[in-house]
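Okay, thanks everyone for coming. Today I'd like to walk you through the holes in this protein and what sits around the ligands.

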Amino acid sequence: MPSNAAIAPSTLSHVDLPWRIDWTGDKCTLCGQCVAVCPVRAIELGVFRKREIKASFGLSTTSENQYSVRYGIRQKTDPGFACIGCGMCDMVCPGDAITPRRNDEQPKLRMHANKGGAPRTRGGRRNDRGSLLDQIKFVRISMLTDPALDAGRHEFDLTTMIGRILPPETALETLRNQGWMPPVRKIYPLLIGGMSFGALSPNMWEGLQMGVAYLNEELHMPVRMCTGEGGCPPRLLRSRFLKYVILQIASGYFGWDEIIHALPEMKEDPCAVEIKYGQGAKPGDGGLLMWHKVNKLIAAIRGVPVGVSLPSPTTHQTKYSIEEAVAKMIQSMSMAWGFRVPVYPKISATTTSLAVLNNLARNKYAAGLAIDGEDGGTGAAYNVSMDHMGHPIASNIRDCYLNLCRIGAQNELPLIAGGGVGKNGNLAANAAALIMLGASAVQVGKYIMQAAAGCVGSEGDRCNVCNIGVCPKGITSQDPRLYRRLDPEKVAGRVVEVFLAFDSEMKKILAPLGRSTSLPIGMSDALGIGDKNAADRLSIRYCV
Ligand code: SF4
Ligand code: SF4
């Protein structure tokens, strides 16, 4: 018990913390493994000295102090060391003596996590467990003229297009006048979205790359993975596996020195180039790789000094407006690869997405538009941005698709939807709903981290220390002591399993619609929802 002098306004008790540690002394072997593994040093091995007053019986008025000593685990209450509920202590404890428990009292830590006047930042995800996508049902089953397929017996491949698909007359004219047609790639409709080399550990990246290569080479599923902002390992740039990679360029241009230098030696073109303007978790902010994660390897790939934070500007500099930036960036990226590679921008979902889309529709070099909804994850963001900024993906993608329909370009410009897809485990259902709302493809990041690498983060603010390089699972850490916990081959195996399971589930949804040759992009008459307002907003059937 601290003395009164030690109690300050921000002195907290265990009751004020979001996670409390249950420790059972009887089961504890005092091995110290929990303390060693804790990523935020929330617990310590303590020596507890207990004073008991022993009163003498009888006529004597004297009493004496008796001291006993015991060793045990103590949870710290300093906000800087608050338990994040990752459960690593539980995982390593040989005697089941320790486990984190969510506090049922509204934690007061939130009011004290802004020490030094700096608001809380975190990695991870938005603290909102709900998802409109989960409520959408598939209500149209073909019975008469277009009989349903049997997903198990009728083999069909799921593919989609990335690239500008010009109508025949415009395509012919472009070909005749310019000797050129916009590049188009056939890809799998589920992409691994941009998570950079730097945000992810080398073992995680290697595992993802191996999984993607296996899916393509052995299972002939054209799965693609985006690099995120941070470049690409030099060996991959010069390998034939580059064709499975979407290179991302963002406003910090990190890693692009290496990419430009590798251009003459590339054996294959990348699948596409994504120009990042925004991400769902922090609209209006540029990327940020905190200094904790900028080690020698990352610094070399990104062409920066070791140990400095790497914030990207909020937008691409030297351009007057987003329209000009998008047009010029698409043009210069297309030129770098001789107009052979599809180039498209990625923006955060906002009410201004339509303006960007309309602009792209007039630019025949634009190969699509990726939109990241408010539930998108991030490596590092302000708490307030993550929890309160951005636009849900479902309605934003719907608005954009209906706008494409209005201008007659719905089959021309693919929309790629992301941000919280599968956040409650319903990956295929969420993806199918987004496709039927108008997306040509869907991208995921957090889901892959959870399903393929065992990320313990959750929408309930569990873990989420991806930004400071102490990831207990070694997924988002650049510390070899942490990332050696992650076996790249096991990650690769799980990536393959995740895609195969997704494929089966998607076919179970799509086959009953009678669709086997093309994705039901925008087939919203197959969708229903039990919420009238949501049905009106999305222009889908109201079903109760
Ligand atoms: S749950 Fe995680 S953060 Fe909390 S004490 Fe255990 S290891 Fe540390
Ligand atoms: S386990 Fe790692 S990647 Fe997952 S939330 Fe925690 S720090 Fe982030």
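Quick bit of vocabulary before the counts: Ala, Val, Leu, Ile, Met, Phe, Trp, Tyr, Cys and Pro go down as nonpolar, Asp, Glu, Lys and Arg as charged, and everything else, Gly among them, as polar. And keep in mind that this is a predicted model.

So, enclosed space. The structure has seven cavities of 30 Å³ or more, and the largest of them comes out at about 700 Å³. Its lining is made up of 47 residues, and the ones closest to the centre are Gly194, Met195, Gln279, Gly377 and Thr378. Which elements give two or more residues to that lining? They are strands S13 (288–289), S17 (378–382) and S19 (441–444), along with helix H14 (446–453). H14 is the top contributor, with four residues. By class, the lining of the largest cavity splits into 22 polar, 14 nonpolar and 11 charged residues.

Now the open ones. The largest pocket has a volume of about 1,300 Å³. It is lined by 44 residues, with Pro79, Ile84, Leu109, Ala113 and Arg120 closest to its centre. Strand S5 (121–124) and helix H11 (383–388) each put in at least two lining residues. On the domain level, domain 1 (14–110) and domain 2 (136–199 + 222–450 + 497–527) each provide at least three. The class split for the largest pocket is 19 nonpolar, 12 polar and 13 charged.

On to the second largest pocket, at about 480 Å³. Here 15 residues do the lining, and Glu206, Gln209, Pro233, Arg235 and Leu236 are the closest to the centre. Helices H5 (202–217), H6 (234–237) and H8 (296–302) each supply at least two of the lining residues, and H5 gives the most, with six. Class-wise, the lining of the second largest pocket has 11 nonpolar residues, two polar and two charged.

Last stop, the ligands. What is closest to ligand 1? Out of 13 surrounding residues, the closest are Cys38, Cys83, Cys86, Gly87 and Cys89. That shell has 11 nonpolar and two polar residues, and no charged ones.

Around ligand 2 we find Arg125, Met449, Cys455, Val456, Gly457, Cys463, Asn464, Val465, Cys466, Cys471, Pro472 and Thr476. The shell of ligand 2 breaks down into eight nonpolar, three polar and one charged. If you go by the class rule from the start, Arg is charged, so the charged residue in that list is Arg125.

That's the tour, over to you.

Conventions: Residues are numbered from 1 along each chain as its sequence is written. Chains are lettered from A and ligands numbered from 1 in the order in which they are written. This is a predicted model: local features need pLDDT of at least 70, side-chain atom pairs count only at pLDDT 80 or more; totals for chains, interfaces and linings use all residues. Side-chain values use heavy atoms; hydrogens and water are left out. A residue is near a molecule or strand if one of its heavy atoms lies within 4 Å of it. On a 1 Å grid over the protein atoms alone, a cavity is a set of points where a 1.4 Å probe fits but cannot get out, and a pocket is an open set with protein on both sides within 12 Å along at least five of seven lines; lining residues have an atom within 4 Å of a point. Grid points are joined across faces, edges and corners, and a volume is the space filled by probe spheres set on the points. Domain bounds come from an automatic or database domain assignment.
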